[in-house]
Amino acid sequence: QVQLVESGGGLVQAGGSLRLSCAASGSIFRLNAMGWYRQGPGKQRELVASITSGGSTNYADSVKGRFTISRGIGKNTVYLQMNSLKPEDTAVYYCNADLRRATSLRAEDYWGQGTQVTVSS
């Protein structure tokens, strides 16, 4: 059993900051890339940022220079520091992990339950 548990969402004024956290737990053999996706009202889920096990990062153009993704020392945790937030950043943010369970021969995608981020103008 693998779980991704997110925290850190909330309501913030435009220009403010929030930090999201996601911790992966369970019978994990290898944790590869982790990332954050979001789904705004009436929109499709989109990639916000991702980070590989080696630390390489990738960002959506809309968040470059404002958001920073990082992994914890134990590398089973991923963070998303969000600065200069805009109303258009309002969405449910989902943690994603590409990992291989201890009882599996291949890696699969796992998702957290989502955390709401609301940015008021």
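**Strands, a disulfide and aromatic contacts in a predicted model**

Strand 3 (residues 18-26) and strand 8 (residues 77-82) are paired antiparallel, with six bridges between them. One of the residues involved is Ala 23, whose bridge partner in strand 8 is Thr 77. The structure described here is a predicted model.

Strands 3 and 8 belong to an open sheet of four strands. The order across this sheet is 1-3-8-7, and the pairing is antiparallel. Strand 1 (2-7) and strand 7 (67-71) form the edges. Each has a single partner strand, so one side of each has no neighbour in the sheet. On average, neighbouring strands in this sheet are turned by 15° against each other, direction ignored. Strands of a sheet are held in pairs through backbone hydrogen bonds, and the pairing can be parallel or antiparallel.

Strand 9 (residues 91-101) takes part in several further pairings. With strand 4, strand 9 pairs in the antiparallel sense over nine bridges. Leu 31 has Leu 99 of strand 9 as its bridge partner. With strand 10, strand 9 shares four bridges, and the two run antiparallel. Here Asp 98 stands opposite Asp 109, which lies in strand 10. The connection from strand 9 to strand 10 is a hairpin of six residues. With strand 11 (residues 115-120), strand 9 pairs over three bridges, again in the antiparallel sense. In that pairing, Tyr 93 has Thr 115 of strand 11 as its bridge partner.

Is strand 9 enclosed or open to the outside? Eight of its 11 residues are buried, so strand 9 is largely enclosed by the rest of the structure.

The loop between strand 8 and strand 9 contains Ser 84. The phi angle of Ser 84 is near 50°. This is a positive value in a residue other than glycine. Ser 84 is partly exposed, because its relative accessibility of 40% falls between the limits for buried and exposed, 20% and 50%.

A search of the whole structure finds one disulfide. The link is formed by Cys 22 and Cys 95, with sulfur atoms 2.1 Å apart. It joins distant parts of the chain: Cys 22 is in strand 3, Cys 95 is in strand 9, and the two are 73 residues apart. The angle about the S-S bond is -80°, and the link of Cys 22 and Cys 95 is left-handed. How accessible are the two cysteines, Cys 22 and Cys 95? Cys 22 has a relative accessible area of 1% and is buried. Cys 95 is buried as well, with a relative accessible area of 0%.

The largest nonpolar core has 30 residues. Within this core, the residues with the most contacts are Trp 36, Leu 80, Met 82 and Tyr 93. Several strands contribute. Strands 1, 3, 4, 5 (46-51), 7, 8, 9 and 11 each supply at least two residues of the core. The largest share comes from strand 9, which gives five residues. In soluble globular proteins, nonpolar side chains tend to be buried together.

Aromatic contacts were examined next. The count comes to one aromatic pair. Tyr 37 and Trp 111 form this pair, with 5.0 Å from centre to centre and 65° between the planes. The arrangement is edge-to-face, because the angle of 65° between the planes is over the limit of 60 degrees. Tyr 37 and Trp 111 link distant parts of the chain, 74 residues apart. Tyr 37 lies in strand 4 (residues 28-39), and Trp 111 lies in strand 10 (residues 108-111). Are these rings buried or partly exposed? Tyr 37 is partly exposed, with a relative accessible area of 24%. Trp 111 is also partly exposed, at 37%.

Trp 111 has a further contact, with a charged residue. Arg 45 lies over the face of Trp 111, 4.7 Å from the ring centre. The charged end of Arg 45 also sits over the ring of Tyr 94, at 3.8 Å from its centre.

Terms used:
Residues are numbered from 1 along each chain as its sequence is written. This is a predicted model: local features need pLDDT of at least 70, side-chain atom pairs count only at pLDDT 80 or more; totals for chains, interfaces and linings use all residues. Side-chain values use heavy atoms; hydrogens and water are left out. Two strands pair if DSSP finds at least two bridges between them. Axes are lines fitted to C-alpha atoms, for helices over the stretch in contact, and angles run from 0 to 180 degrees between N-to-C directions. Rings of Phe, Tyr and Trp (its six-membered ring) pair if their centres lie within 6.5 Å; planes under 30 degrees apart count as stacked, over 60 as edge-to-face and the rest as tilted. Buried means under 20% relative accessible area, exposed over 50%, partly exposed in between (1.4 Å probe, protein chains only). A charge sits over a ring if NZ of Lys or CZ of Arg is within 6 Å of the ring centre and within 35 degrees of the ring normal. A disulfide is a pair of cysteine sulfur atoms within 2.5 Å. A nonpolar core is a set of buried Ala, Val, Leu, Ile, Met, Phe, Trp, Tyr and Cys residues joined through side-chain atoms within 4.5 Å.
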